[in-house]
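Reader: I've got a structure open and a few questions about it. Mind walking me through them?

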Amino acid sequence: MITSTRRVSPDKSEVRISFSLQDTSDAKDGEDLSQTFPDLEQRLQPVPPCVSLRESVQVYKEHCRMAREFHQVKHEIAVLEDRKRKLLAELVEDEQVAVEIARLEEEFLRLTEENRNLVTVHNERTQQLERLCLPNQTRQDSS
């Protein structure tokens, strides 16, 4: 038997409530009236109801429902935060890849231009060598 005395307001007299947690005959649906929710702070845990008062049992059931919903939402938040962390890691990786691609494109353009210049110089030197060798060949042929 639990007895509690409360004063609703300073100008009102004390109210005394007595009840026993042993009698659960009024608890409907066979619901466990001693549920605990490890995710909730101790001060937010549902307080077992006064089973002889239907309203107390209903408030307790509603509190338990909200605690289960809180647990579900907390779990969903954790899953979403994990997904967010993974997506941010992928984003960072994608940005690094994009920077590397831009660097490689720039290097490709630079090397392509350098190759063009080298091919041009090679062609010029080949023509120059042919012009230089032609008079020597004509001299050798005439001798």
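Reader: Let's start with Pro46: which loop is it found in?
Author: This is a predicted model, so take everything here as computed. The elements run β-β-α from the N terminus on, and strand β2 covers 14-19. Pro46 sits in the loop between β2 and α1.

Reader: Is Pro46 buried or exposed?
Author: The cut-off for buried is under 20% relative accessible area. Pro46 has a relative accessible area of 7%, so it falls under that cut-off and counts as buried.

Reader: Which residues does Pro46 touch, leaving out those up to four places away in sequence?
Author: Contact here means heavy atoms within 4.5 Å. With residues up to four places away in sequence set aside, the list for Pro46 is Phe37, Leu40, Tyr60, His63 and Cys64.

Reader: And how far apart in space are Pro46 and Ala67?
Author: Along the sequence, 21 residues separate Pro46 and Ala67. In space, going C-alpha to C-alpha, the gap between Pro46 and Ala67 is 8.0 Å.

Reader: Zooming out, what does the secondary structure of the protein come to?
Author: Helix α1 takes in residues 54-142. Two strands join that helix in the tally. So the protein comes to one helix and two strands, counting DSSP runs.

Reader: What share of the residues in the protein is buried?
Author: The protein has 143 residues, and it exposes about 12,400 Å², with carbon and sulfur atoms supplying 55% of that area. As for the buried residues, their share is 11%.

Reader: Among contacts between residues at least 6 apart in sequence, how many join residues at least 24 apart?
Author: Take the contacts in the protein between residues at least 6 apart in sequence as the pool. Within that pool, the share joining residues at least 24 apart is 38%.

Reader: On to charges. How many salt bridges does a search of the whole structure find?
Author: A pair qualifies when a side-chain nitrogen of Lys or Arg lies within 4 Å of a carboxyl oxygen of Asp or Glu. Asp82 and Lys86 make one such pair at 3.4 Å, N to O. Over the whole structure, the count is nine.

Reader: Which residue meets Asp82 in a salt bridge at 2.5 Å?
Author: Asp82 itself is partly exposed, at 30% relative accessible area. The partner is three residues apart from Asp82 in helix α1, so about one helical turn separates the two. At 2.5 Å, N to O, the partner is Arg85.

Reader: Why can Asp82 and Lys86 be described as about one helical turn apart?
Author: Lys86 is partly exposed, with 42% relative accessibility. Asp82 and Lys86 both belong to helix α1, and because they are four residues apart there, the separation is about one helical turn.

Reader: How far apart are the closest N and O atoms of Glu113 and Arg116?
Author: Glu113 is partly exposed at 38% relative accessibility. Glu113 and Arg116 are three residues apart in helix α1, so they are separated by about one helical turn. Their salt bridge has its closest N and O atoms 2.7 Å apart.

Reader: Which residues do salt bridges with shared partners join into one network?
Author: Salt bridges can link up when they share partners. The network joined in this way consists of Glu62, Arg65 and Glu69.

Reader: Last one: which residues form the negative surface patch?
Author: Asp94, in helix α1, is one of them. Asp94 has 49% relative accessibility, so it counts as partly exposed. The full patch is Glu90, Glu93, Asp94 and Glu95.

Technical notes
Residues are numbered from 1 along each chain as its sequence is written. This is a predicted model: local features need pLDDT of at least 70, side-chain atom pairs count only at pLDDT 80 or more; totals for chains, interfaces and linings use all residues. Side-chain values use heavy atoms; hydrogens and water are left out. Patches are made of residues with over 30% relative accessible area and no salt bridge: like charges are joined within 9 Å, nonpolar side chains (Val, Leu, Ile, Met, Phe, Trp, Tyr) within 5 Å. Accessible areas come from the Shrake-Rupley method with a 1.4 Å probe; for residues, only the protein chains shown count as cover. Lys and Arg count as positive and Asp and Glu as negative; His and the chain ends are not counted. The place of a charge is taken as NZ of Lys, CZ of Arg, CG of Asp or CD of Glu. Buried means under 20% relative accessible area, exposed over 50%, partly exposed in between (1.4 Å probe, protein chains only).
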